[in-house]
Amino acid sequence: REETAELDGNGKAVRSYTEEKKSTVRPPLPGASVFGDDDSGDEADPAKARAAVSKTLRLESAKNLESKQLQREMAKALNEDPTIYDYDGVYDAMQAKKRAGLSRLLEKDKKHIEKLKKAAEKRKIDYERMVERKAQREREKEGDDFIDKEAFVTTA
């Protein structure tokens with residue numbers, strides 16, 4: 001660490017410390033090869049090399065066999081049902097069925113809403129009739145009390 005002293009804007013001494021940065025490069029690990037092979041090329045044991053190659057070949061042939069078997073199963077499934085892998089088509093069909101059901105519900109709702117509107121209009125007319133009858137009864141009850149008074153007709 002290195003210590004330095006400087007003056008700030010008010011004339012006071014301010015200490016600051018700086019540390020030396022260490023190198024972030026690490027040395028290579030001893031004994032590890034870049035390609036993961038412990039042999040150094042020419043000194044390789046031919047028996048080990050043959051064993052490694054035969055192991056790799058066996059793994060590849062097993063993968064190929066599995067792949068061929070999978071392809072046969074897929075072909076068999078396609079022969080039985082040509083739409084077995086048609087995921088998008090099935091999804092579209094499901095969505096179309098869902099939309100058809102929703103449109104049917106909307107049609108029912110429209111009919112229902114129309115019936116509700118007619119019923120509300122009928123209640124409004126009945127209410128207006130009731131208010132008029134009530135006003136008529138009040139006029140009849142008053143009788144001749146206000147016969148000599150002036151009558152004003154308003155829009156209210």
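Here are some short exercises on a predicted model, each with a worked solution.

**Exercise 1: Getting your bearings**

Work out how many helices and strands the protein chain has, and in what order the elements run.

*Solution.* Start by counting: the protein chain contains two helices and two strands. Next, walk along from the N terminus, and you meet the elements as β-β-α-α. Strand β2 covers residues 13-18, helix α1 takes in residues 46-80, and helix α2 covers residues 87-142.

**Exercise 2: Inside or outside?**

Find what share of the 156 residues in the protein chain is buried, and what area the chain exposes.

*Solution.* To count as buried, a residue needs a relative accessible area under 20%. Buried residues come to 1% of the 156 residues in the protein chain. Then look at the surface: the chain exposes about 16100 Å², and carbon and sulfur atoms supply 55% of that area.

Now try one residue, serine 16, which sits in strand β2. Its relative accessibility is 26%, so serine 16 counts as partly exposed. Serine 16 also has glutamate 6 to be compared with: the two are ten residues apart in sequence, and their C-alpha atoms are 7.9 Å apart in space.

**Exercise 3: Checking the span of a helix**

Decide what span the 56 residues of α2 should have, and compare it with the distance between the end C-alpha atoms.

*Solution.* Take 1.5 Å a residue as your ruler. The expected span is 1.5 Å times one less than the number of residues, so the 56 residues of α2 should span 82 Å. Now check the model: the end C-alpha atoms of α2 are 81 Å apart, which agrees with the expectation. Finally, step just past α2, and you reach glycine 143, which takes a positive phi of about 65 degrees.

**Exercise 4: Pairing up charges**

Find out how many salt bridges the structure holds, and look at the partners in each.

*Solution.* First, the idea: side chains of opposite charge can pair when their charged atoms come close. For a salt bridge, the cut-off is a nitrogen-to-oxygen distance within 4 Å. The structure holds two salt bridges.

- Lysine 110 pairs with glutamate 107, with the closest N and O atoms 3.9 Å apart. These residues are three apart in helix α2, so about one helical turn separates them. Lysine 110 is exposed, at 51% relative accessible area, whereas glutamate 107 is partly exposed, at 43%.
- Aspartate 126 pairs with arginine 129, and here the closest N and O atoms are 3.7 Å apart. Both lie in helix α2, three residues apart, or about one turn of the helix. Aspartate 126 is partly exposed at 36% relative accessibility, and arginine 129 is partly exposed at 47%.

**Exercise 5: Patches on the surface**

Name the residues that make up the positive, negative and nonpolar patches.

*Solution.* Begin with positive charge: Arg104, Lys108, Lys111, Lys115 and Lys118 gather in a patch on the surface. Lysine 108 belongs to helix α2. With a relative accessible area of 56%, lysine 108 is exposed.

Now go to negative charge: Glu138, Glu142, Asp144 and Asp145 form that surface patch. Glutamate 138 is in helix α2 too. This residue, glutamate 138, is partly exposed, with a relative accessible area of 46%.

Last comes the nonpolar patch, which measures about 580 Å² and is made by Leu70, Met74, Leu78, Ile84, Tyr85 and Tyr87. Which helix gives the most to the nonpolar patch? That is helix α1, with three residues. Leucine 78 has its place in helix α1, and at 40% relative accessibility leucine 78 counts as partly exposed.

Note on methods: Residues numbered from 1 in each chain as written. Predicted model: local features only at pLDDT ≥ 70, side-chain atom pairs only at ≥ 80, totals over all residues. Heavy atoms only, no water. Patch = residues over 30% accessible without salt bridge, like charges linked within 9 Å, V, L, I, M, F, W, Y side chains within 5 Å. Areas by Shrake-Rupley, 256 points an atom, 1.4 Å probe, with all protein chains shown as cover. Salt bridge = Lys/Arg side-chain N within 4 Å of Asp/Glu carboxyl O. Lys, Arg positive; Asp, Glu negative; His and termini not counted. Charge placed at Lys NZ, Arg CZ, Asp CG, Glu CD. Helix = DSSP H or I, 4+ residues; strand = E, 2+ residues; numbered from the N terminus. Buried < 20%, exposed > 50% of the residue type's maximum accessible area, 1.4 Å probe, protein only.
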